[in-house]
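Thanks for coming. I have a few minutes on one chain, and I would like you to keep the picture in view while I talk.

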Amino acid sequence: MSSNADYDDAPVDVLGIGFGPSNLALAIALQEQGLLGSAAGGGGRLRFMERQNQFGWHQGMLLDGARMQISFLKDLATMRSPSSPYTFLHYLQDRGRLVDFINGKTFFPSRIEFHDYLEWAAARFSRVVEYGSEVIGIEPVYTGDVVQEVDVVVQRADGIRRHRARNIVFAAGLQPWIPEGITLSDRIWHSSELLHRLREINVAGIRKALVIGAGQSAAEVTSHLHQVCPNAQVHSVFARFGYSVADDSPFANRIFDPEAVDVHFRAAPDIRQMLRRYHDGTNYSVVDLDLISDLFERSYQEKVVHDQRLHFHNLSRVTRCVQTPAGADVTVHDLVEGHVESMTCDLVVFATGYRPVDPRCFLGPLLEHCQLDAGGRVALARDYRVLTSPRIRSRIFVQGATEDSHGLSSGLLSNVAVRAGEIAESLAEALREQGEPLTAAAR
Ligand SMILES: Cc1cc2nc3c(=O)[nH]c(=O)nc-3n(C[C@H](O)[C@H](O)[C@H](O)COP(=O)(O)OP(=O)(O)OC[C@H]3O[C@@H](n4cnc5c(N)ncnc54)[C@H](O)[C@@H]3O)c2cc1C
């Protein structure tokens, strides 16, 4: 084990990995439930490690005009505690826009505004967040043959640091997914980096751009490139017949309710899969109707004036995409006719989605003490705690990567407020079991 000189600060009772909306909601719940009274005041008992240098929520896709796909009432706190000072309505009041927002008569603020809200809330916890700190592993600390604390190994610009903690809340979010065999480059991007990358190039020089995917991000990227690259032919390639509409109708939407988590958790594995199949259309590979209509209308008007810049290659797949000095060579395969088309593109964007970051990658030697489910994932209790052998006294919680056990809301904002409250309660129980708070002297 390393020497104390490697350690940053006193040990903490709770260490959060990642500081996106999930752990931000947890910080709020912990503070509001009085579990960690000094949370926002910089107390030594709660700490979050965040890889980014400052708070940021999917900033590469903060496109002008993009709106939230969820009611503003599903913010960081309202569903658990409508009178919380961290609700979206409190934010609006603080920013002096409450009346204007009400007059706008929408449940769906722009993503840019929601990002501002999240940043506003995050700023209130900045003293317990260490930005620019990427967690690269967790190691058990043995007292005899039990583990009461763990060491969280963190990569920072100035080197490796260790933080000792009693309990961990893992909320590392999503990571971009691209098909096997594709290598990203300065002209082959994943949609998550769109805005950062566009700032680096001369958009007027783009003559041909190609977007892969049929989900919300793919449709948004297609629309955005069509708007900001005035001289570009914009090609959208997807295997579906057409974009499918996101189902946000009231009965289907109940799949995201807090109660749906209980139902999903109790359900047998085949019923869970059935639920996922039935309600995929609420979230996966689907697009808001307004955006579909807008893209169709733009394409139709281009036909009217014989100046087509938008092109949709449905029932098609990209089977090859390689970097060239000027951009990328792409092969598009027509799945029905069998045609193969080669395209030379200035720009290719893979809007092929995300996968949750798998907590197993961080657990290292702790993994052998964790129960696994039939799919080999870490098994979780209803309170999002990793089920471990009794030798592990530290509690490890997972937010986000829990769709299999806790249902479709896992990777979304729908349930962050309520879930944070549930984890905060479980942490309170853990702290009671674990006895006095840790102090530097106790280490
Ligand atoms: C473009 C886009 C738009 C979306 N819009 C909506 C929407 O409108 N409604 C909705 O419900 N959901 C939406 N989502 C889903 C999204 O998952 C949630 O909005 C939300 O981001 C989940 O919060 P999180 O904190 O779990 O994960 P994230 O927001 O991904 O946050 C995880 C954080 O952990 C950090 N991190 C990762 N690994 C490490 C590490 N090793 N060490 C330290 N820090 C680390 C990351 O930098 C990040 O800040 C959207 C997703 C995308 C990609």
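I will go through the cores, the aromatic pairs, the empty spaces and a few single residues.

One thing before we start: this is a predicted model.

Let me begin with the cores. In soluble globular proteins, nonpolar side chains tend to be buried together. Here the largest nonpolar core has 43 residues, and Phe19 and Leu24 have the most contacts inside it. Which elements supply at least two residues each to this core? They are α1, which spans 21-32, together with β2, α2, α4 and α13. The top contributor is α1, which gives seven residues. There is also a second, separate core of 30 residues, and Leu63, Ala209, Leu225 and Leu347 are among its members.

Back to Leu24 for a moment. Leaving out residues up to four places away in sequence, Leu24 touches Phe19, Phe55, Leu76, Leu118, Ala121, Ala122 and Phe125. Please remember Phe125, as that residue comes up again in the next part.

Now the aromatic rings. The count comes to 17 aromatic pairs. Take Tyr86 and Phe125: their ring centres are 5.4 Å apart and their planes are at 40°, so this pair is tilted. Where do the two residues sit? Tyr86 is in the loop between β2 (46-49) and α2 (88-95), and Phe125 is in the loop between α4 (111-123) and β3 (129-130), so the pair ties together parts that are 39 residues apart in sequence. Are they buried or exposed? Tyr86 has 8% relative accessibility and counts as buried. Phe125 has 0% and counts as buried too.

My second example is Tyr91 with Trp120. Their ring centres are 5.6 Å apart with the planes at 70°, so this pair is edge-to-face. Tyr91 belongs to helix α2 and Trp120 to helix α4, so the pair ties together parts that are 29 residues apart in sequence. Both Tyr91 and Trp120 are buried. They also belong to a cluster linked by ring pairs, along with Trp57, Phe72, Phe88, Phe101, Phe107, Phe114 and Tyr117.

Rings can also have a charge over them. Arg355 lies over the face of Trp177, at 4.5 Å from the ring centre. The charged end of Arg272 sits over the ring of Phe265, 5.8 Å from its centre.

Arg272 takes us to the empty spaces, as Arg272 is one of the residues lining the largest cavity. Rolling a probe the size of a water molecule over the atoms shows where empty space is left. How many cavities of 30 Å³ or more does the count give? The count comes to one. The largest cavity has a volume of about 60 Å³. Its lining includes Ile255, Ala260, Val261, His264, Leu275, Arg276 and Ser409. The elements giving two or more residues to that lining are α8 (258-266) and α9 (269-279).

Ser409 deserves a closer look. Its place is in the loop between α12 (403-406) and α13 (416-434). With 3% relative accessibility, Ser409 counts as buried. Apart from residues up to four places away in sequence, Ser409 touches Phe256, Val261, Ser414 and Asn415. Val261 is also in the lining of the largest cavity.

Next, a pocket. The second largest pocket has a volume of about 300 Å³. Its lining has 15 residues, and those nearest the centre are Phe238, Tyr243, Phe296, Ser299 and Phe312. Two elements give two or more residues to this lining, α10 (289-304) and β11 (310-313). Of the elements, α10 gives the most, with six residues.

Two of those pocket residues, Tyr243 and Phe312, are also touched by Thr222. Thr222 lies in helix α6, residues 216-228. At 0% relative accessibility, Thr222 counts as buried. Its other contacts, with residues up to four places away in sequence not counted, are Val211, Val234, Ser236, Leu295 and Leu310.

My last residue is Leu73, in the loop between β2 and α2. Why does Leu73 count as partly exposed? Its relative accessibility is 31%, and buried means under 20% while exposed means over 50%. With residues up to four places away in sequence not counted, Leu73 touches Thr78, Met79 and Phe107. The C-alpha atoms of Leu73 and Ala374 are separated by 36 Å, and these two residues are 301 residues apart along the chain.

That is my part; thank you.

How values were computed:
Residues numbered from 1 in each chain as written. Predicted model: local features only at pLDDT ≥ 70, side-chain atom pairs only at ≥ 80, totals over all residues. Heavy atoms only, no water. Helix = DSSP H or I, 4+ residues; strand = E, 2+ residues; numbered from the N terminus. Buried < 20%, exposed > 50% of the residue type's maximum accessible area, 1.4 Å probe, protein only. Contact = heavy atoms within 4.5 Å. Phe/Tyr/Trp six-rings, centres within 6.5 Å; stacked < 30°, edge-to-face > 60°. Lys NZ or Arg CZ within 6 Å of the ring centre and 35° of its normal. Core = buried A, V, L, I, M, F, W, Y, C linked by side-chain atoms within 4.5 Å. 1 Å grid on protein atoms, 1.4 Å probe; cavity = no way out; pocket = protein on both sides within 12 Å on 5 of 7 lines; lining within 4 Å. Points joined across faces, edges and corners; volume = space filled by probe spheres on them.
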